[in-house]
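Please walk me through this protein chain, beginning with how its strands are joined and ending with what lies packed inside.

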Amino acid sequence: MISAEVIAEARARNDLVAFIESNGVQLRRRGSDYVGRCTFHNDTGPSLVVFPRKQYWCCHGACSAGAAKRVGGDVIEFARREYPAACGITKAEIIEAL
Ligand SMILES: [Zn+2]
């Protein structure tokens, strides 16, 4: 079980915009937000929207198509999708690596 403090600390340590850019996504400023190509689907977009003030991202494209709620989350959720659990990496290991 990961404590709320550990999660909050991992979030505080990793600026979302910088983290997403360090994963090879080119972000462009649009008003107070950023947009870029989503890495989780074959994006011709930009469908990925990043809200720096909320430290929140979401995909307005194929990832969210048909979903009741837009696919998105915080820096930990982005990392989890970059390194899927299918590779045997746990959420705790992801937070530790951040
Ligand atoms: Zn997407």
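Strand 2 (residues 33-36) and strand 3 (48-51) run antiparallel and are joined by three bridges, with Tyr34 of strand 2 having Val50 as its bridge partner in strand 3. Helices (H or I, at least four residues) and strands (E, at least two) are here DSSP runs, numbered from the N terminus, and two strands are said to pair if DSSP finds at least two bridges between them. This is a predicted model, in which local features need pLDDT of at least 70 and side-chain atom pairs count only at pLDDT 80 or more, while totals for chains, interfaces and linings use all residues. Residues are numbered from 1 along each chain as its sequence is written.

Strand 2 also pairs with strand 1 (residues 28-30), in the antiparallel sense and over three bridges, and here Tyr34 is the bridge partner of Arg29. Two residues lie between the strands of this hairpin, in which Gly31 takes a positive phi near 65°. Beyond strand 3, four bridges lead to strand 4, again antiparallel, and Val49 has Cys58 of strand 4 as its bridge partner. Taken together, five strands form an open sheet in the order 1-2-3-4-5 with antiparallel pairing, whose edge strands, strand 1 and strand 5, each pair on one side only.

In a regular strand the side chains alternate between the two faces of the sheet. Strand 2 has a covered face with Tyr34 and Gly36, and an uncovered one with Asp33 and Val35.

We turn next to the interior. The largest nonpolar core, meaning a set of buried Ala, Val, Leu, Ile, Met, Phe, Trp, Tyr and Cys residues joined through C-beta atoms within 7 Å, has 19 residues, and those with the most contacts inside it are Leu16, Ile20, Leu48, Val50, Trp57 and Phe78. Two or more residues come from each of helix 2 (16-22), strand 3, strand 4 (56-59), helix 3 (75-82) and helix 4 (91-97). A residue counts as buried if 20 or more other C-beta atoms lie within 10 Å of its own, as exposed if 12 or fewer do, and as partly exposed in between, with C-beta atoms placed from the backbone.

In helix 3, Val75, Phe78 and Ala79 are buried. Seen down the helix axis, these buried residues fall within an arc of 95° (taken from the directions from the axis to the C-beta atoms), so they line one face of helix 3. Their cover includes helix 1 (4-13), helix 2, strand 4, strand 5 (72-73) and helix 4, where contact requires C-beta atoms, placed from the backbone, within 7 Å.

Definitions and conventions. Two residues are in contact if their C-beta atoms, placed from the backbone, lie within 7 Å.
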